[in-house]
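Biologist: Please take a close look at one part of this model, the aromatic side chains and what surrounds them. I would like one connected account rather than a list.

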Amino acid sequence: MNRTDLTTIINRQNRVVYTLLIVSAAIGLAWVLWRHQYLASHSSPAHLAVPAASAR
């Protein structure tokens, strides 16, 4: 195995690692944004202030 083969393998591995880092960062960001929206919509006082139906 010569130097150019080793450099090619390392560059390919770097691309894989960087791609996985970007994908995991995007998934993490999407999770944080979804969780923020979910908690904001489920903990608002307007959600709890729905009048009850009459018992007639």
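**The aromatic pairs and their setting**

Modeller: The structure, which is a predicted model, holds two aromatic pairs. One of them joins Trp 34 and Tyr 38, with 5.1 Å from centre to centre and 20° between the planes. The pair counts as stacked, because planes under 30 degrees apart fall in that class. Both residues lie in helix 1, four residues apart, which is about one turn of the helix. Ring pairs also bring in Trp 31, so that Trp 31, Trp 34 and Tyr 38 are linked into a cluster.

Next, the exposure of the stacked rings. Trp 34 has a relative accessibility of 45% and therefore counts as partly exposed. Tyr 38, at 36%, also counts as partly exposed. Both values fall between the limits for the class, since buried means under 20% and exposed means over 50%.

The three residues of the cluster, Trp 31, Trp 34 and Tyr 38, belong to a nonpolar patch on the surface that also takes in Val 32 and Leu 39. Together the five side chains' residues have about 540 Å² of accessible area. Val 32 lies in helix 1, which spans residues 3-42.

For the wider setting, the protein has two helices and zero strands. Of its 56 residues, 0% count as buried. The protein exposes about 5,500 Å², and carbon and sulfur atoms supply 67% of that area.

Helix 1 also holds a polar contact outside the patch. Thr 8 has its place in helix 1, and its side chain reaches the backbone oxygen of Thr 4 at 2.7 Å. With a relative accessible area of 41%, Thr 8 is partly exposed, as are Trp 34 and Tyr 38.

Technical notes: Residues are numbered from 1 along each chain as its sequence is written. This is a predicted model: local features need pLDDT of at least 70, side-chain atom pairs count only at pLDDT 80 or more; totals for chains, interfaces and linings use all residues. Side-chain values use heavy atoms; hydrogens and water are left out. Patches are made of residues with over 30% relative accessible area and no salt bridge: like charges are joined within 9 Å, nonpolar side chains (Val, Leu, Ile, Met, Phe, Trp, Tyr) within 5 Å. Accessible areas come from the Shrake-Rupley method with a 1.4 Å probe; for residues, only the protein chains shown count as cover. A salt bridge is a side-chain nitrogen of Lys or Arg within 4 Å of a carboxyl oxygen of Asp or Glu. Rings of Phe, Tyr and Trp (its six-membered ring) pair if their centres lie within 6.5 Å; planes under 30 degrees apart count as stacked, over 60 as edge-to-face and the rest as tilted. Buried means under 20% relative accessible area, exposed over 50%, partly exposed in between (1.4 Å probe, protein chains only). A polar contact is a pair of N or O atoms within 3.5 Å; within protein, one must be able to donate a hydrogen and the other to accept it, and residues adjacent in sequence count only if both atoms are side-chain atoms.
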